[in-house]
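Me: Got a minute to go through this model with me? I'd like to pick at a few spots.

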Amino acid sequence: MTGVVILIAAVVLALGFGAWRARVDGRFAARRTPRAIATPTENPTGTEPTGPTAWDAVVAAGLVETPGERATLLQFSSAFCAPCRATRRVLGEVAEVVPGVAHVEVDAEHHLELTRTLGILRTPTTLVLDAAGREVTRAAGAPTKQQVLAGLDAAV
């Protein structure tokens, strides 16, 4: 009897976790202020944080030199990640359709220092960077096209 109760509890917990994961996977979390990768300092006007941005870390890692004019979709993926391939397709389609948006894919395994610097915990993770290279929002998991477009709205 005890084994049956444990089995039922495990199934209920697994279903609950799966439902929660399906609900939050791929959603972009809105940030109130753009995120700098180091402790921000106040600029003279006191309105925005200054300091190294996520794009500065990408350039320092030697990946690409030029961000998107409007925004950059920075995707962290790994070689054997099936959702990463779907995310690559979705982000590529959005970058083709929306003017001024660039898509940059980073192999998390080959760029571990950048992955750690930006706090990437799983793949795929997508960061939306504004025109200045600051992180505006991020999504862990495979986002839909509509979620990416909504995330881009935060970058403008």
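**Disulfide, sheet and cores**

Reply: Sure, starting with the disulfide: the torsion about the S-S bond of Cys81 and Cys84 is about 85°, so the disulfide is right-handed. This is a predicted model, where local features need pLDDT of at least 70, side-chain atom pairs count only at pLDDT 80 or more, and totals for chains, interfaces and linings use all residues. Residues are numbered from 1 along each chain as its sequence is written, and side-chain values use heavy atoms, with hydrogens and water left out.

Me: How far apart are the sulfur atoms of Cys81 and Cys84?
Reply: They sit 2.2 Å apart; a disulfide here is a pair of cysteine sulfur atoms within 2.5 Å. By that rule the count comes to one disulfide.

Me: Are Cys81 and Cys84 buried or exposed?
Reply: Cys81 is buried at a relative accessible area of 7%, and Cys84 is buried at 0%. Buried means under 20% relative accessible area, exposed over 50%, partly exposed in between (1.4 Å probe, protein chains only).

Me: Switching to the sheet, in which sense do β4 and β5 pair?
Reply: Parallel: β4 (residues 71-77) and β5 (residues 101-107) pair over seven bridges. Pairing takes at least two DSSP bridges between the strands, and the elements are DSSP runs numbered from the N terminus (helices H or I, at least four residues; strands E, at least two). Phe76 stands opposite Val106 in β5.

Me: And what do β4, α3 and β5 make?
Reply: With helix α3 (residues 82-97), the two strands make a right-handed β-α-β unit. Right-handed means that, with the strands pointing away from the viewer, the path from the first strand over the helix to the second runs clockwise.

Me: Which residues touch the most other members in the largest nonpolar core?
Reply: Leu73, Val94, Val101, Val128, Val148 and Leu152, out of 15 residues. The largest share of this core, four residues, comes from α3. A nonpolar core is a set of buried Ala, Val, Leu, Ile, Met, Phe, Trp, Tyr and Cys residues joined through side-chain atoms within 4.5 Å.

Me: What about Arg138, what does its side chain reach?
Reply: The backbone oxygen of Gly119, at 3.2 Å. The Arg138 side chain also makes a polar contact with the side chain of Glu135 (2.8 Å). A polar contact is a pair of N or O atoms within 3.5 Å; within protein, one must be able to donate a hydrogen and the other to accept it, and residues adjacent in sequence count only if both atoms are side-chain atoms.

Me: Last one, which residues does the cis peptide bond join?
Reply: Thr123 and Pro124, with omega about -5°.
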